[in-house]
Amino acid sequence: MDRRKFLGVGLAAFAAIVAPGTDLRAVDFRATKPKAWEVEKTADGIKALFGGAGMKKSDKLVFKAPKLAENGGSIPITVKSSLDLESIALFQDANPRCLSCVFSVPAGAIIEYDFRIKMRQTAFVTVVGKERGTGVLYMATKEIDVSIGGCGG
């Protein structure tokens, strides 16, 4: 058996074994919560996406971002949590629309996401996580200073 065929068969076998035990369905938040993608302020975006549930600050929901972003076109963000969250969203008031991204978190997943966002000016960035089962919202906030705007600046 040649190497490519062996790797292909091995990958197919691995997928057949692992796939039934995982739940990798994602929620299309643009379809289910379209108003959340249109609002300009973080407080309004959180309400549109998650409703009026009360929020708690928690040291178990942490995000890292640079205090000073040299280029607003590519700001690295890391979100980590040991909480059992069903979704995580990132909001910021620097751009015309506050909601930047939303993640559906599979049950039992390790939450450690790395991604990049664009910001055109200095603003507060807020990460909100919704706990699975209880619906409790947890948040963490940090101000990011932007030197060069990434959205047309």
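Q: Let's start with one residue: which residue is the bridge partner of A89 in strand 6?
A: A89 has V102 as its bridge partner in strand 6. Before going on, note that this is a predicted model, where local features need pLDDT of at least 70, side-chain atom pairs count only at pLDDT 80 or more, and totals for chains, interfaces and linings use all residues. Residues are numbered from 1 along each chain as its sequence is written, and side-chain values use heavy atoms, with hydrogens and water left out.

Q: How many bridges pair strand 5 with strand 6, and in which sense?
A: As a general idea, two strands pair if DSSP finds at least two bridges between them. The strands themselves (E, at least two residues), like helices (H or I, at least four), are DSSP runs numbered from the N terminus. Here, strand 5 (residues 85–92) and strand 6 (residues 99–104) are antiparallel, with five bridges. They make a hairpin, and six residues sit between the two strands.

Q: Which strands pair with strand 4?
A: Strand 2 (residues 61–64) pairs with strand 4 in the antiparallel sense, over four bridges. Strand 7 (residues 111–117) also runs antiparallel to strand 4, joined to it by seven bridges. T78 is a handy residue to look at: K64 stands opposite T78, and T78 also stands opposite D114 in strand 7.

Q: How many of the seven residues of strand 4 are buried?
A: The cut-offs go like this: buried is under 20% relative accessible area, exposed is over 50%, and partly exposed is in between (1.4 Å probe, protein chains only). In strand 4 (residues 75–81), five of the seven residues are buried, leaving the strand mostly covered.

Q: Why do the buried residues of helix 3 line one face?
A: The general idea first: an α-helix has 3.6 residues a turn, so residues three or four places apart point the same way. In helix 3 (residues 42–50), T42, G45, I46, L49 and F50 are the buried ones. Looking down the axis of helix 3, these buried residues fall within an arc of 100° (taken from the directions from the helix axis to the C-beta atoms), so they line one face of the helix. A43 and K47, on the other side of helix 3, are exposed.

Q: What do the buried residues of helix 3 pack against?
A: Contact here means heavy atoms within 4.5 Å. The partners of that buried set include strand 1 (55–57), strand 8 (123–131) and both strands of the hairpin, strand 5 and strand 6. Just after helix 3 comes G51, with a positive phi near 90°.

Q: How many salt bridges are there?
A: The rule asks for a side-chain nitrogen of Lys or Arg within 4 Å of a carboxyl oxygen of Asp or Glu. By that rule there are six salt bridges. One of them joins E40 to R97, with the closest N and O atoms 3.9 Å apart. E40 is in the loop between helix 2 and helix 3, R97 in the loop between strand 5 and strand 6, 57 residues apart.

Q: Which residues are linked with K67 in a network of salt bridges?
A: E143 and D145 are linked with K67 in that network. K67 and D145 meet at 3.5 Å, N to O. K67 lies in the loop between strand 2 and strand 3 and D145 in strand 9, so this pair ties together parts that are 78 residues apart in sequence. For E143 and K67, the closest N and O atoms are 3.9 Å apart. K67 is partly exposed at 48% relative accessibility, as is E143 at 28%.
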